[in-house]
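Biologist: I've got a model open and I'd like to learn how to read it feature by feature. Can you walk me through it?

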Amino acid sequence: MRVSGNKTGERQAAGEAAPQAAMGRYAALPMNDNATGKEANVSGGEVELIDLVKAFGPMRAVNQINLHIPGGEFFSLLGSSGCGKTTTLRMIAGFERPTSGQILLDGVDMTATPPHRRHVNTVFQSYALFPHLNVFDNVAFGLRRQKIEAREVDRRVAEALELVQLTQFAKRKPIQMSGGQQQRVALARALVLKPSVLLLDEPLGALDARLRKQLQVELKTLQQQVGITFVYVTHDQEEALTMSDRIAIMSNGHIEQIASPQEMYEAPATVFVADFLGVSNLMEAHAAGGGTINGSGTRIRIGQYELLAGHGQAPGGNTKATIRPERVRLEPGNAPGGENRIPGQVERWVYLGNAVQLIVKLATGHTIQALMHNDGEEIPFAPGSSVQAYLPPGALRVLTDTGVRLASEIAATE
Ligand code: ATP
């Protein structure tokens, strides 16, 4: 899937105008070449991967991916363990040499350029701070190595510490700080070098759930403040949905779909994505002959029931249909039937606080979930009651099955 095609003009617009406008005080300082300390051109942070492959022996960890990230975007690579996220990130950083394909940064081929010559910096899950140095000196380290003048170092470190709200911790050693604070130091240390692109490899992975949530918000705010491109690797879908402008969902070294969080959730392109992101009800279906969708939807059969799926694309024949639990509507079993309804029985409830999840066994043999908002009204479908599940055409989607093993299937066998 190639999601590129930007012309130079668009590149400049995406890479220069938007981020620079957002950078505020941060923009006032010159960009520095990581290696030489010499001022380099301020660049836009555009990343392009073309037919990128990384093989380890016979195994392709990254299998021909194409990706275009405009400057200033918060872009996440999301997928389960081993799908190739970190390898992709390491190739962008320059730590890993691609087997084939190209990496372009701001339109320039960097495939063979060593890490320190790229306008890119990385933040790792393990903060990798120097334990014997205090916060200030940790952040100043890279600048001093570049032989930047002392007064300039002071100014830039102060600015970076202010960005991550650690000004008052400058004299502390890493051991005297919490995990979240240490990760902020690592961020400041990366940002102080003014990269065009910041690569983040599960940076919140070592933190507890509460702190993760707090730092997710802070990271997103920070990214908007500095306006540089963030490429963020995570296996946590909530994290990716919360922070990203766009997400690429990866499996087995390739990209299944690239979309905004909302589009990814509302309009998954493949069975894999629907299964991976959130809870989806996946049902085997048979699409009517011809099968591709027209303006009014596709006729499908689920078991012996004929339904209209208003979205998605699938060739005729066996396929999968999906609907999110919050879009399933339950009606009493004795209500008059109608289009897109399948009878069933409520098996059990799961109380979630703000909602109740009802597990419903359909007459087709599928078990689906229906989510009912807890608005204080009594839920009239006790376990054991007969219901009709109304699957509105506007919420029912047919999907392409790329044949990749689903995350739920892998979880069930582990
Ligand atoms: P995780 O979230 O667990 O880090 P990931 O999606 O980042 O997973 P990668 O670290 O990119 O996955 O690994 C992709 C595949 O490549 C895995 O099967 C991994 O075992 C393999 N792999 C990664 N690095 C090497 C290496 N240096 N040598 C051999 N195989 C490797």
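Biologist: Let's start with a strand pair: in which sense do strand β4 and β5 pair, and over how many bridges?

Modeller: Keep in mind that this is a predicted model. The general idea is that strands of a sheet pair through backbone hydrogen bonds, either parallel or antiparallel. Here β4, residues 100–105, and β5 are antiparallel, with two bridges between them. One bridge has Leu-104 partnered with Asp-109 in β5.

Biologist: What is the strand order in the open sheet of four strands?

Modeller: Read across it and you get β2-β1-β4-β5, paired antiparallel. β2 (59–69) and β5 (108–109) are the edge strands, each pairing on one side only.

Biologist: How many helices and strands are there in the chain?

Modeller: Ten helices and 21 strands. To see how the chain folds back on itself, look at sequence separation in the contacts. Among contacts in the chain with a separation of 6 or more, 69% are between residues 24 or more positions apart. As for burial, 40% of the 414 residues are buried.

Biologist: Now hairpins. How many residues lie between the strands in the hairpin of β17 and β18?

Modeller: Three, and Gly-353 in that hairpin has a positive phi near 90°. The two strands, β17 and β18 (residues 355–362), run antiparallel and are joined by seven bridges. For a register check, find Tyr-351, which sits opposite Val-356 in β18. β17 (residues 341–351) also pairs with β20 (residues 386–390), antiparallel over five bridges. In that pairing, Arg-341 has Tyr-390 of β20 as its bridge partner.

Biologist: And which residue in the turn of the β9 and β10 hairpin has a positive phi?

Modeller: Asn-252, at about 50°, in a hairpin with two residues between the strands. β9 (residues 246–251) and β10 (residues 254–259) are antiparallel with five bridges, and Ile-247 faces Ala-259 in β10.

Biologist: On to packing. Which residues touch the most other members of the largest nonpolar core?

Modeller: For a core, I'd look for its best-connected members. In this one of 100 residues they are Val-139, Ala-188, Val-231, Ala-248 and Ala-389. Helix α5 (residues 179–191) is the top contributor, giving six residues.

Biologist: Why does this core lie between domain 1 and domain 2?

Modeller: Because domain 1 (8–264) and domain 2 (269–413) both give residues to it. For a close-up, take Val-231: beyond its neighbours within four places in sequence, its contacts are Val-47, Ile-69, Phe-75, Leu-77, Leu-89, Ile-92, Val-197 and Leu-199.

Biologist: What do the buried residues of α3 pack against?

Modeller: With a helix, pick out the buried residues, then see what they meet. Helix α3 (residues 135–145) buries Val-135, Phe-136, Asn-138, Val-139, Ala-140 and Leu-143. These pack against α4 (150–163) and α5. After α3 comes Lys-147, with a positive phi near 60°.

Biologist: Last one, the ligand. Which residues are around it?

Modeller: List the shell, then sort it by class and by element. The list is Phe-56, Ala-61, Gly-79, Ser-81, Gly-82, Cys-83, Gly-84, Lys-85, Thr-86, Thr-87 and His-235. By class, that shell has seven polar, three nonpolar and one charged residues. By element, helix α2 (residues 85–93) gives the most, with three residues.

Terms used: Residues are numbered from 1 along each chain as its sequence is written. This is a predicted model: local features need pLDDT of at least 70, side-chain atom pairs count only at pLDDT 80 or more; totals for chains, interfaces and linings use all residues. A residue is near a molecule or strand if its C-beta atom, placed from the backbone, lies within 6 Å of it. Ala, Val, Leu, Ile, Met, Phe, Trp, Tyr, Cys and Pro count as nonpolar, Asp, Glu, Lys and Arg as charged, and the others, Gly among them, as polar. A residue is buried if 20 or more other C-beta atoms lie within 10 Å of its own, exposed if 12 or fewer, and partly exposed in between; C-beta atoms are placed from the backbone. Two residues are in contact if their C-beta atoms, placed from the backbone, lie within 7 Å. Two strands pair if DSSP finds at least two bridges between them. A nonpolar core is a set of buried Ala, Val, Leu, Ile, Met, Phe, Trp, Tyr and Cys residues joined through C-beta atoms within 7 Å. Domain bounds come from an automatic or database domain assignment.
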